[in-house]
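Biologist: Please choose one part of this structure and examine it closely. I should like a connected account of its setting, followed outward into the rest of the structure.

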Amino acid sequence: MDRRCVALCAAACAVLALPATAPAQVTTDLNNWNLTETPNWWGGGTQFHISSSGDGTASYRWLDSPNKTTVIAAHRCTDVSLINSVAISVNNTSYHHLFSGWAGVCFMLRGRTAIGSGSMVNHDGRVRR
Amino acid sequence: MKRLLALLILAVAVFGAARSGSAEPVAPTRAVADALGRDIPLPAGGNFSGVRWEQAGELSRAQITAVLHYNAACQWLRAWRDGRAPVTALAGLASWPAWRGTETAKVLAEVEHQARTGGGPLLEGVLRDCDASHAREVEYARSLGLKPSG
């Protein structure tokens, strides 16, 4: 078997190993979210939904490096109950998994800074679902 | 006298909420929500007693209204699925003013479309969310000594 044949086989195997269509997560940027030690709702309670095109999860990340530890929580639109919350450390801009659900699940985001740490102003975040 | 005092407190709460802008947080939320929810149509046996207002912190009037409307949409969807309401009852859900131009309006429009055309994953997902919420609401309403929604 020559090198070209090996390369072709490797390429074919790589293509077959890929999923037919990768999930397309929907993202929304949350610009200038001002947080204090008292929880507040993003956008006064903006409702988000798990997309039909994604993998059924909801995640959050800071786009601007946070200078405070923050706690971001997802609550249900139906009854305001808490789904889950995550603590995000200083300078962490990675996605944090909020919850796993299914297409259509409606949620709202609520955030605060760590107790005793003061406020964090004008930081941008991104929700992916 | 106690009833008069309670009515006075409720009136002050509602009047205060009415005066504040839509983005201003209001409290106590359950009293305000009860007042705001009176005009929202619900299927027979429906109510909002299981919403966890006590755990929500401060909410704006707009947010309270959006939560009430989403909860009502869930009640109508379940009523349709259970044969307690015709599919035409879902017709106006997506155009309720609480979520005009929002993601929720698009989702509910697609849910209504799927309900009229034999089903679909988004309808199934939203209904599953509504069923789970209803189970929580029944439990919470009972814990407060309130009548749960049907």
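Modeller: Two residues are taken to be in contact if their C-beta atoms, placed from the backbone, lie within 7 Å. The model is a predicted one, in which local features need pLDDT of at least 70 and side-chain atom pairs count only at pLDDT 80 or more, while totals for chains, interfaces and linings use all residues. Residues are numbered from 1 along each chain as its sequence is written, and chains are lettered from A and ligands numbered from 1 in the order in which they are written.

The part chosen is strand S8 of chain A, residues 106-113. Helices (H or I, at least four residues) and strands (E, at least two) are DSSP runs, numbered from the N terminus. A residue is buried if 20 or more other C-beta atoms, placed from the backbone, lie within 10 Å of its own, exposed if 12 or fewer, and partly exposed in between. Eight of the eight residues of S8(A) are buried, so this strand is largely enclosed by the rest of the structure. A:Cys106, A:Met108, A:Arg110 and A:Arg112 point one way, whereas A:Phe107, A:Leu109, A:Gly111 and A:Thr113 point the other way.

The pairing of S8(A) comes next. Two strands pair if DSSP finds at least two bridges between them. Strand S5 (residues 70-76) of chain A runs antiparallel to S8(A) and is joined to it by seven bridges; within this pairing, A:Ile72 has A:Gly111 as its bridge partner. Strand S2 (residues 40-41) of chain A is also antiparallel to S8(A), with two bridges, and A:Asn40 is likewise partnered by A:Gly111. Strand S3 (residues 48-49) of chain A adds a further antiparallel pairing over two bridges, in which A:His49 lies opposite A:Cys106.

From S8(A), A:Phe107 leads further. Residues up to four places away in sequence aside, A:Phe107 touches A:Phe48, A:Ala58, A:Ala74, A:His75, A:Arg76, A:Cys77 and A:Ile83. A nonpolar core is a set of buried Ala, Val, Leu, Ile, Met, Phe, Trp, Tyr and Cys residues joined through C-beta atoms within 7 Å. The largest such core has 54 residues, and A:Phe107, B:Ala33, B:Val67 and B:Ala73 touch the most other members. Helix H3 (residues 61-81) of chain B gives the most to this core, with eleven residues.

H3(B) in turn meets helix H5 (121-143) of chain B. Axes are lines fitted to C-alpha atoms, for helices over the stretch in contact, and angles run from 0 to 180 degrees between N-to-C directions. The axes of H3(B) and H5(B) come within 9 Å and cross at roughly 105°. Angles under 35 degrees count as roughly parallel, over 145 as roughly antiparallel, 65 to 115 as roughly perpendicular and the rest as oblique; H3(B) and H5(B) are therefore roughly perpendicular to each other. H3(B) contributes B:Cys74, B:Leu77, B:Arg78 and B:Arg81 to the contact, and H5(B) contributes B:Val126, B:Leu127, B:Cys130, B:Asp131, B:Ser133 and B:His134.

The contact between the chains takes 32 residues from chain B and 19 residues from chain A. On the side of chain B that touches chain A, the elements giving two or more residues are S2 (59-60), H3, H4 (103-116) and H5 of chain B. The largest share of that side, ten residues, comes from H5(B).

Chain A also holds an open sheet of four strands, in the order S1-S9-S4-S7, with antiparallel pairing. Strands S1 (27-35) and S7 (96-100) of chain A stand at its edges, each with a single partner strand, so one side of each is left without a neighbour in the sheet. S7(A) is joined to strand S4 (residues 57-62) of chain A by four bridges, with A:Tyr60 opposite A:His96. With 18 C-beta neighbours inside 10 Å, A:His96 counts as partly exposed. From A:His96 to A:Gly111 of S8(A), the C-alpha to C-alpha distance is 13 Å, at a separation of 15 residues in sequence.

For the wider setting, chain A has one helix and nine strands. Of its 129 residues, 34% count as buried.
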